[in-house]
Structure formats: C-alpha cells, structure tokens
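Biologist: Please take a close look at a single part of this model for a first-year student, and then walk outward from there into the rest of the chain. I would like the reasoning to be spelled out with care, one step after another.

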Amino acid sequence: MKASTAKLLIYGTDGQKALDSGTAVLIDPYTAITARHVLSRLTEGGRVELSFPHMPSAGSVVVRDVYRCPDELYDIAILKLDEALADGRVYPALYAVKPEGRPSYISHGFPSERSPSCTFEGKIMDIYEQFTQNDLELSVAGREGMNFSGASGSPLYMDGGVYGIIIVRDTGNTLGALSFAECRAFLAEQGIVHHSLKPLRDYERIIVERQLPMAKVGFDEGESLPYMDTYATWENVTSLDNPNRYTLGKPELLSEMVERYFAAEENGENMLFVVADFGKGKSTFLRHMAAKMAGAYRDSREIPLPVYFNLREYTKYEKFGPVLNLNKEGVIKDFLKETTGIDFANRQHPIFSQSILFLIDSLDECGSLSASDVMQVVRSVKAIVDYCRGAKIIVTTRPIPNVLGQVIKEMNDPVNQAWRFASIYGFQPDQFADYMQALHPKLPVESVHAYNRKLLDTIRSGQSIYETFNGLLNEEELKRPILAYMLYKLLEEDYELEKDSKLGIYLSFINLLTKDAKHVDDSGRKDDWLKRLGYRNLLYVTAVMWMKNLHLNGGGFLRLDDLEEALGEDASLVQFMSHSYFKNAGGIYHFNHQSFAEIIIAEYYVRLLLWSALENKTANELSPFLAIGNPTEQTVSFVKSLLNMLCDATIGDDRLDGNSLLKIRRALSPMMSSLGAAEYNRPPDDDKAGNAQRDGYLYSSYIRRVWNAEQWGGFSEISDRMLEQWPIKPEHIEKMIENAAALVNGEDDYVFFQPQRMNHSFNRDVYRIEGRKKTFDPDTERWIAMLCGTTLAERFLGESAFPPMLNPNRVATLFSDHQNRTGYACPSWVTTFPYHYDVEDPLPVQGEFNRSDFSGVVFRNIRFQNTALYKINLNGSLFHNATATNVRIMGTGKGMELTGCYFENVIFDNCSLEGAMFSESYFYNCSFRNVNLSGARFSGYFENILDFTDVQLHGSHISIYTDQDSYERLRQDRNFGNKIKFVRAKEKSDLEISRESYKKNALRRSNMEE
C-alpha cells in the first residue's frame, strides 16, 4: 500500500517552492489518481511532482499531463507521468463498486502535520445516494484532532483493492471520500482499467475456485469429454416405487426446469429433488451446473452463489451423530466452516444475507438408507436455511424405495395438491449420436474386430448412429451416459464388442480397468495375466472395504488408513493409471462412478458362492464374507445376470454356438481366474496384509490346479483351449444352490462391527451398539442367498427345485423380523422369492411389499395383517388357512395380479383390494367382510362362500361359477346387484372336479403336489 502512494507537490512557474501538497495513488507505471481540488493552485507553466518517501530508489517523477474530471460533482483527476516507473512494484486494483454495509477501510497519505506520512483507518459510516461533494462518510480511529490537510487523494483500501479517494475533512473526526463507482464514466473515458464488480470475498473465492474445475467431464486424468444438455420430466411422488413411471410432460432442459421451479411463489420450501437411476448423469449435471454458475458468479455476481457438496462425504463433516437434537447446526454449515473458514458466530457475516444455491449430490450414497437415517441426513442439509435465509437447495439421488417419497413430502409443500420431483430422462437419441460423433477424433480408424469396425464406420459417417448402436444396447440402456462412455472407452482400446446387454459392456469395461491398472513402479513391465488377476483381487478388496465403510460409518469413501488396513504396505505402492475406477482427491478415495462399485460387488457375491462350492465350504464358513452391508437394486440386477451367464457358460444353451459360448466364458474368466491368484487375495483385516503370496480368503486351489495357474505369468490373455476346458461343472452349480439354501436356513447371525463392552450387570457383560450400526440387517446374507439360490435353481434345475430345500418357518420369520426392524416386509432390492411358505403355527406377515414377484408361492397358515401391496405378482399362488386383515393395495389401477390362484379357508376382513385381478382363480370356503373390491376383475369359481358382507363392487367385472348356496347368498347381497347375471350355478360334483384341478396346478407350480 505505501509503495503505491505518492506525495504530490505543486510548484509555480519559478519551480523553487511548493505551493501546495496532497496525496496520489499510482495505479500503473504511467498513471496516478488524486483529488481534483489538490490541483487548484496549479497554473500554466507550473508543474506537479510525485515523490515516494517509502521507496527512496524511485526518486521524484514529473507529471506530464493532468486530466481533471469536467463534472464539478466529482472531485477526481488523472495524472500521466513523464516517464514510466519500472521498479517492479505491484499496483492496486481499482473497484468501481459501492461498498455494502459498514465495512472497514485503511488508507495511507501525507497530511502536512505528519512526516513523512501516516496510515489511518476506520469504517464507512454512511453511503449517500444524493451528495454535493462526497458520497462516503468515514470514521477515523485513534486520530482525534488531527489535521488531515495534505491527505486529499489518499486511496480508500478495502477487500484487497482501492474503492475511492479521500477528498475532504468532514465535521468532527470524520472524513469524506468519493467512490470510484460514482465516476465510472470518467475512468472509462480516460482508459483507466477498473472492475465494476467487487472482489470475491475469501470464502467466495475458495468456493468458486473449487468448483470451476467441475466443468470437466471424464474419469481419466486429463480426459475431457463433451457435456450434453440434461433433460428431465416432472413426476409425482406416487410414481417413485413404480418401475413404469408416468411423466407429466415431454423431456425439457433440466436447467430451465430448475429456474422455473425456484421462481414459482408456491415453492416456499426451496428444495428440489432431482431423481434418476444409475448412470443417467445426475452428478455430471450437478457438477457442470456448479462450475457454470461459479464462473457466472465470478463474472457478474448477478446470480446466487453456487455451493456444491457430495453427501458421500456426509460423515466426514457431520459432527453430531445420527440423533437430531436442538443444538444441531447441520452438515453444510460444518462443511463450509471447515473448508472456507466462515465465522457463523458473526451474525453480520455476509453469508447470512446472501442468495445461495446449494447443490447437494448423491443422497443415495450418504450411508444407511433407512427412512429415519435418510430423513436425518436431509434435515441436516436443510438446517443451513436457518443461517442462509434466502438459500435454495437441489438434491440429486437415485430412487430410494419406500423412503424418498416420504422425504420429499416432509421437505416441501405440495404443488397443485401433488408432490413432484424432476426425473432425469438421460440421452435422447440425437444426443447419443452427437456424443459418439464428438468423440470420433479420439477413436481408432480401424479395428481387428468386425463388429467394432461396423460401429466405427457408422460413427465416422455420422449416419444412423443411434439405430446401429440400438443393436448393441436397448433403448433404455442407450439413455445412460455412463454406458455411452463405456462404449467409447472400449472402442478406443479396440476391446471386442458384440450384441449384448449392459452387463456385457460392464464386464468388458471392468476387465479393461484391471488390464490397464499398474503399479507406480512397473509401467515398463510386460502385461501378464497373473498380474492382471492380482489387480482384479485388489478391486474386490477395495470395493468390500468401501461397502463396509458406507454401512458402518455412512461414508461413501475410503481414506488411506482404510486402504492400509486392507492392503498393508502395498497401499502406498498402488495407483490406477488410465481408465482408473478409483480416484484420490485430497487423501479421500472414492469410486469414479457408483455403478463401478456395484458390478464389482456383484462379482464378489457370485465369486464367493462359487468359491464355497469349489472348495467345499460350509454355510457357516461362507456367511461371514457376505456380511458386508446391504446391496443396491442395481447390484442385485447384476448378480442375477452374472448367475445366468455362469449357467450359460457351464451347461450351455441351445441359442449359443461354440464361438458365443467361448465369448461368455472369456467375459467371466477374470472373475473365475482371480480365485486362483494369491496376490491381494486375503481377508481385509489380515494382520499380515501386504504379503502378496499368502493363501487364504477366497483363494481356490481347484482353479489354480485345473487351469494350471503356474503358467499364467507367461501370457497376456487366457487361451481358447483353457476356455474349452471350463473348470466349472454342473455339480458345482448344484453345490452353490445347496449352500444358498443352507445359508437361508442357518441360525447364526454375522455382523462386521464389534460392540463396545460396557459394565457388566448381574454377572453378565453388557455391550453397546452405536445407533448407525443398528440399521445393519443381520439377515442380509440370507436375502442374498435366497436371491442367488432362486435364480440358479430356476435356470439350472427348474423353478420348483429351490423351495423344498428351505425351512419354511425360517423363511417366513425373515419377513416378520424385517418388518419389525424396518416397517417393511423385505428389503427393497428383494423381488424374487422361493415358492413355499408352509408354517406349523399361524405366522403374521406385516409391512409393505413393493414390486415383488410371489408368483407360484404357497402360503399356508399365514396371517396377512396391516399389509400394503404395490404392483405385486401373485399369479398361480396357493393360499390355505390364511387370513388377510387390513390389507390394502397401494396406488390405483391394475395394482395386483392373482391369475390362476387357489384360495381355501381364507378370510378377507376389512381389506381394500381395488383394481385387483382375480382371473381364473378358485375361492373355496372363503369369507369376505367389509372388503373394497371396486374396479376388481373376477373370473373363475366361488364355492361354498361363507360370508359376503359389506363388499363394495363399484366398477368391478365378474364372470364366475358357484354352487347353489353361494349363488343365493350373493344374489341376496344388496351390493352385488345386477352383477348376479354374470354368475352361473353348477353342481357340486362338477365344482369338485374343477377345484381339484386348480389346487393340483397350484401345488405343482411349487413342487408340493399331494
């Protein structure tokens, strides 16, 4: 500051004695600014000199030209020097911006009574819109009674720049200043560089600089991919658990939807949820928006300050644990305080009155996804509104079944009597084509694979790109930018593609990741199969550690300490180069995309079950490895597809020729072969971590022996001959099914955390389990085993083979236990069930079932009570000695299918079964009391109906056969009305034949024929 402040002296024509003095501030090597009135005694023939007492080496400089502001209102002048100052000093930035509030200032000048100069400071006391001399009134601290003559022209420093000059001593101990904002036109006319925006505050600069790089799209270091506009539709929360969601219009630009949403007066809660399932570009959209808004805020300050935060780091900043209390301040406040230094205790801090848009990413990666925990996270996010009253919030997430709808309803008021959210559409056909064509220059010209050549030629021509790739993936898969990216990477590396599902693309991509992963010290080594398998094992270790951390601590990331726990000394030696799946950002490691982790975890589950079969392990040896947390629906989808691929690879398929069979085996071969590689193949908590040769964990001596693993280091790809000698046999698949059944039937529970021992009570130890850990489901491995066993048995043995292996009481208890813990009958990712629930004592089944397939299931001695059903498939099921009390169908329309069902000794009491489809079903010895069957469809048989009281049938369709007694009972029911004409009475003997046929068919479907 002192180096740029000059003492101004005015000399007459004789040049001997200074006539007057003042202060000037240098703004570049040729130019200075001062107060115009300081030059009032300058006459023709006189001169102005600037001297620098604080820089003696600079000497004095003569002013060549003086330019006074012609407007008498503005006391300012520009001085052009006779020669440039070339001493390397840093010149201050000029800000033609009005100060806000009562900020502090500092100045340096040359008052005549202070030699050689003095520094003074204070606050802006008043800012005048109408003035005759100065628009700013300043207080001066600690300079009472001082004569400021000679200080006119002194710079007004604030926030790292000069905002004006001192021009007058006002009344008392105050000064007057002129802001550059008032004389902006004069500065521009003289070519003076100035900023029309105030400088970013420190916290704003940190936020902006952190978010500007988010504009980059891509996973690899230095990779820059095209950003495609994100489109979305409005949807109602009622569609969240519906796989066939309906929309409220055509896709439109999500950025415009956001702008309109927050501009609407009715959205007083200021929180918008943006929802999409995996790979549709939620995070890419939000990060791009954060970068774009950060640049616009830096350049204009006319938009809200964007603040991006990813909830996978929730536990990194959340300081208060899982229980909300009155003193809780919220995770966003903690995040801002730690990363920007904002002093929230200072209620005068500008952030309290600032317009801010908080961009909150990945709600589905915050940790536990139970309703209470997710609600807690969102409340913690929203707590920032108590500090930033004008804040608006965008939250991106995957659908969270049975939870997200509740959250949206609590966080926002309904719009037009309905709660809504923005649902990302994904790539439209022309966007997919534009994306691939934009990447054309990065792709090879030729390929050794015929199908790859066809795809490359299509991209090069720019014609029918979408239609051609639609032969590789379906329309829904082509909407996902993540799959488009994977296709690009596979084409770039000339990795062979063929017509397949998204699973084949994922497997090829993950195989490519492990092929290109390297040690930091082995970039020159020749790639070999054995080393590649070591990296594949490394994928499993890190993915399992990530998943455990996610469910144990709520953090979707790993620190170096976590990796050292898993890898020991090897943690510091490993990095992933091109096509990296795991990114290190400031010591925090996370998956570049959650779906990368999901396919790896899916492989881990399948690999684990296969290992147990190959090495003849028991269910008790298998269970602890499955206790790693709750999988996502996408992971479960991958698991089922992998199991079917394993069956295809093992037993073949009529649709597969020899070449296709080898391709399936090749896709699975890294997962299979890794069982025979010792490197990184050990328990994550092994105290000998780092010893790459240790045998253990999921190591298979069988795979190593059969596929001659000792020679793997000598080649880079597994040979066709080895694939033809496929090591997995039908008996191994059968053993996998048996182990899955044993897991479901097992009595022991496994958890991956250690309770804290407390004081003992009455000679018994007492242990403490933290709240977050209580959300872990001890039956997770049983649900996974049920999924795997059912899938394998259907594909390998027939759909009726798995249920007889299960203890029906144990299976039914799974439902009741889960309902007691969560309020729901089963995890949201469980949609496939075995076919047999036959318990000795009546068992209550409660809670909600969503999108579940119960087709062909036998229910004996089951009480459905206080149960909600949504899009349930019960086709071909048998119900015997069952009751349904307070059962309701969620949603409207054809909400539940019961085609070909058999009901015997079943009581329906106080149920709402609107829209149910009872097609070709048989009811025998059944009762209906206070049941709403409006819109339902009945076809089949009603025999010996015991009760039909207060049944609503509005809009229902009936076409049934019945016995004479039941016919009379129905005819006399006032609600049945004219629908009796669609009822036909038959003889008992005829009904008995039909009844036995229906019952026999239902039992045959579940392998329980009597």
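Modeller: A residue counts as buried when its relative accessible area is under 20%, as exposed when that area is over 50%, and as partly exposed in between. Because the relative accessibility of Asn910 is 37%, Asn910 belongs to the partly exposed group. Please keep in mind throughout that this is a predicted model.

The part I would choose for the close look is helix H7, which runs over residues 371-382. A simple check on its length comes first: at 1.5 Å a residue, the 12 residues of H7 should span 16 Å, and because the C-alpha atoms at its two ends are 16 Å apart, the expected span and the model agree.

The next step is to ask how H7 sits among its surroundings. Nine of the 12 residues of H7 are buried, and therefore this helix is largely enclosed by the rest of the structure. The buried residues are Asp373, Val374, Met375, Gln376, Val377, Val378, Ser380, Val381 and Lys382. As for what encloses them, the buried residues of H7 pack against three strands and three helices, namely strand S15 (271-275), strand S17 (356-361) and strand S18 (392-397), together with helix H5 (314-317), helix H6 (331-340) and helix H8 (404-411).

One of these neighbours, H8, can be followed in more detail. Two packed helices are described by the angle between their axes and the distance between the axes. For H7 and H8 the angle is about 35° and the axes lie 10 Å apart, and the crossing of the two helices is right-handed. On the side of H7 the contact is made by Ala371, Val374, Met375, Val378, Arg379 and Lys382, while H8 contributes Gln406, Val407, Glu410 and Met411. Sorted by class, the residues of this contact of H7 with H8 are six nonpolar, one polar and three charged. Val374, Met375, Val378 and Lys382 are among the residues of H7 that touch H8, and these four are also listed among its buried residues.

With that picture in mind, two other helix pairs can be described in the same terms. Helix H9 (residues 429-438) and helix H13 (residues 481-492) pack at an angle of about 30°, with their axes 11 Å apart. An angle under 35 degrees counts as roughly parallel, and H9 and H13 are therefore roughly parallel to each other. Their crossing is right-handed. Phe432, Tyr435 and Met436 of H9 meet Ala484, Tyr485, Leu487, Tyr488 and Leu491 of H13, and by class this contact has eight nonpolar, no polar and no charged residues.

After H13, the chain enters a loop that leads to helix H14 (502-516), and Asp494 has its place in this loop. Most residues other than glycine have a negative phi. Asp494, however, has a positive phi of about 55° although it is not a glycine. Asn910, which was met at the start, also has a positive phi, near 55°, but its place is in strand S32 (residues 902-912).

The second pair consists of helix H19 (residues 633-651) and helix H20 (residues 658-673), whose axes come within 9 Å and cross at roughly 120°. H19 and H20 are therefore oblique to each other, and H19 passes H20 in a left-handed crossing. The contact is made by Leu642, Met645, Leu646, Asp648, Ala649 and Thr650 of H19, and by Leu661, Ile664, Arg665, Ala667, Leu668 and Met672 of H20. Its residues divide into nine nonpolar, one polar and two charged.

Two single residues carry the walk further along the chain. Glu734 lies in helix H23 (residues 730-745) and is partly exposed, with a relative accessible area of 36%. Leaving aside residues up to four places away in sequence, Glu734 touches Phe796 and Leu797. Phe859, in strand S28 (residues 858-870), is buried instead, with a relative accessible area of 5%, and its C-alpha atom is separated by 6.0 Å from that of Leu878, 19 residues apart along the chain.

Finally, the whole protein chain gives these details their setting. The chain has 27 helices and 38 strands, and buried residues make up 57% of its 1010 residues.

Note on methods: Residues numbered from 1 in each chain as written. Predicted model: local features only at pLDDT ≥ 70, side-chain atom pairs only at ≥ 80, totals over all residues. Heavy atoms only, no water. Expected span 1.5 Å × (residues − 1). Buried < 20%, exposed > 50% of the residue type's maximum accessible area, 1.4 Å probe, protein only. Contact = heavy atoms within 4.5 Å. Axes fitted to C-alpha atoms, helices over the stretch in contact; angles between N-to-C directions. Parallel < 35°, antiparallel > 145°, perpendicular 65-115°, else oblique. Left-handed = near helix turned anticlockwise from the far one by under 90°. Nonpolar A, V, L, I, M, F, W, Y, C, P; charged D, E, K, R; others polar.
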